[in-house]
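My notebook is open, and I am going through this model one entry at a time. Come along and check each entry against the picture.

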Amino acid sequence: MFSPTPAATVLSVSLFVLSGCALSGSEEAERLSETAQVAQASFAVGDYPEAAQLYEKVSQTEPGSVSALIGLGRSYAAMGQIARAQSALDRARQLSPRNPQVLNELGRLALGQGNAAQALDFYEASLGYDRKNLAALTGKAVTLDYLSRHKEARAVYETGLAIYPTNFVLLSNHALSRVLSGDGAGGIALMEELRRDPVQGSQVVPNLAIAQVLEGRSAEARKVLKGQMSEAQIAALLRRAEEARRIRAEGQPIGHLVFQ
């Protein structure tokens, strides 16, 4: 995923917005302590230091809480404190070695550090325990795209979409994968359709702009980004997309540049 600034992940993949294995709604609220719920809320609004502090407190009072360790790992990762994130997630894995959510978080952390081979191992292990796990399916597909193994990535997206046919993140990243594997018109058409979604449509715009640049439609890309991000962010994204287009024209793989 292109990241015009260190703090912002632009593409809708947000590998780093992967979901699908956490508890939901009232079930989650019932099983989380009050402190953990406040930590979760802090993370949701981007207050990662506060979330980390609260998750640390929960993990001290509830040393067997895997969910607290996952939250702690996510919070430290969001602050760029990778060693502490790794430590928390490794501890979570020790407590629950077959937990798909723990494996997904380890995969996400590994890919964020550019270790795609290790990330792929984690996502495949997760799918070994839960073949329908949305986060693992999405993460595996993104990782394969990162490795420029686009044909394999599309097969994983298609497997995921057979189970979750309307999932926005899967659809958006599948569309970008189609562009990277040579189906520029089809990928862009799908993103244009997703863009009309009244709730999530804006999330696909960066993917759409990157696809347009890769297809030689830079003026259109700038137009769709207008009002979605700052001029500096637009310039950075377009500059990197143009560089990816140049490298692609030379016959070199660009998955690691796009799904960054």
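**Entry 1: Gln-212**

Leaving aside neighbours within four places in sequence, with which residues is Gln-212 in contact? I counted a contact as heavy atoms within 4.5 Å. On that basis I noted Ile-188, Glu-192, Arg-217, Ser-218, Glu-220, Ala-221 and Val-224 as the partners of Gln-212.

Before going further I wrote down the ground rules. This is a predicted model, so local features need pLDDT of at least 70 and side-chain atom pairs count only at pLDDT 80 or more, while totals for chains, interfaces and linings use all residues. Residues are numbered from 1 along each chain as its sequence is written, and side-chain values use heavy atoms, with hydrogens and water left out.

Back to Gln-212, which I located in helix α13. Helices here are DSSP runs (H or I, at least four residues), numbered from the N terminus. Gln-212 has a relative accessible area of 1% and is buried. For that label I used under 20% relative accessible area as buried, over 50% as exposed and anything in between as partly exposed (1.4 Å probe, protein chains only). I also looked up the polar side chain of Gln-212: one of its polar atoms lies 3.3 Å from the backbone nitrogen of Ala-221.

**Entry 2: helix α13**

I then widened the view to the whole helix, residues 205-214. Because 10 of the 10 residues of α13 are buried, the helix is largely enclosed by the rest of the structure. Among them are Val-205, Pro-206, Asn-207 and Leu-208. What do the buried residues of α13 pack against? I found α11 (168-180), α12 (184-195), α14 (218-225), α15 and α16 (255-258). Just after α13, I noted a positive phi of about 80 degrees at Gly-216.

**Entry 3: helix α9 and what follows**

Helix α9 covers residues 134-146, which is 13 residues. From first C-alpha to last it reaches 18 Å, close to the 18 Å expected at 1.5 Å a residue; the expected span is 1.5 Å times one less than the number of residues. I found 13 of the 13 residues of α9 buried, so this helix is largely enclosed by the rest of the structure. At the start of α9, a side-chain oxygen of Asn-133 comes to within 3.2 Å of the backbone nitrogen of Ala-135.

Ser-148 caught my eye next, in the loop between α9 and α10 (150-163). Ser-148 has a positive phi of about 60 degrees although it is not a glycine. For background, most residues other than glycine have a negative phi. At 22% relative accessibility, Ser-148 is partly exposed.

**Entry 4: salt bridges**

How many salt bridges does the structure hold? I have 12 in my notes, taking a salt bridge as a side-chain nitrogen of Lys or Arg within 4 Å of a carboxyl oxygen of Asp or Glu.

Arg-149 pairs with Glu-152, with the closest N and O atoms 2.8 Å apart. Arg-149 is partly exposed at 33%, and Glu-152 is partly exposed at 38%.

Arg-246 bridges to Glu-243 at 2.5 Å, N to O, and to Glu-250 at 2.7 Å, N to O. Arg-246 and Glu-243 are three residues apart in helix α15 (residues 231-249), which puts about one helical turn between them. An α-helix has 3.6 residues a turn, so residues three or four places apart point the same way. Arg-246 is partly exposed at 40% and Glu-243 is partly exposed at 35%, whereas Glu-250 is exposed at 51%. I also logged a network of salt bridges with shared partners that joins Arg-74, Glu-105 and Arg-108.

**Entry 5: nonpolar cores**

A nonpolar core is a set of buried Ala, Val, Leu, Ile, Met, Phe, Trp, Tyr and Cys residues joined through side-chain atoms within 4.5 Å. The largest has 51 residues, and Leu-225, Ile-254 and Phe-259 have the most contacts inside it. A second, separate core has 22 residues, including Ala-39, Val-66, Ala-68 and Phe-122.

**Entry 6: confidence**

I closed with pLDDT, the predictor's confidence in each residue from 0 to 100. The chain averages 88, and 88% of the residues score at least 70. Where is confidence lowest, and where highest? I read a mean of 34 in helix α1 (residues 14-17) as the lowest and 98 in helix α8 (residues 116-129) as the highest. Over residues 1-30 the pLDDT is below 50, and this stretch has 74 contacts in the model beyond near neighbours in sequence.

Terms used
Helices (H or I, at least four residues) and strands (E, at least two) are DSSP runs, numbered from the N terminus. A polar contact is a pair of N or O atoms within 3.5 Å; within protein, one must be able to donate a hydrogen and the other to accept it, and residues adjacent in sequence count only if both atoms are side-chain atoms.
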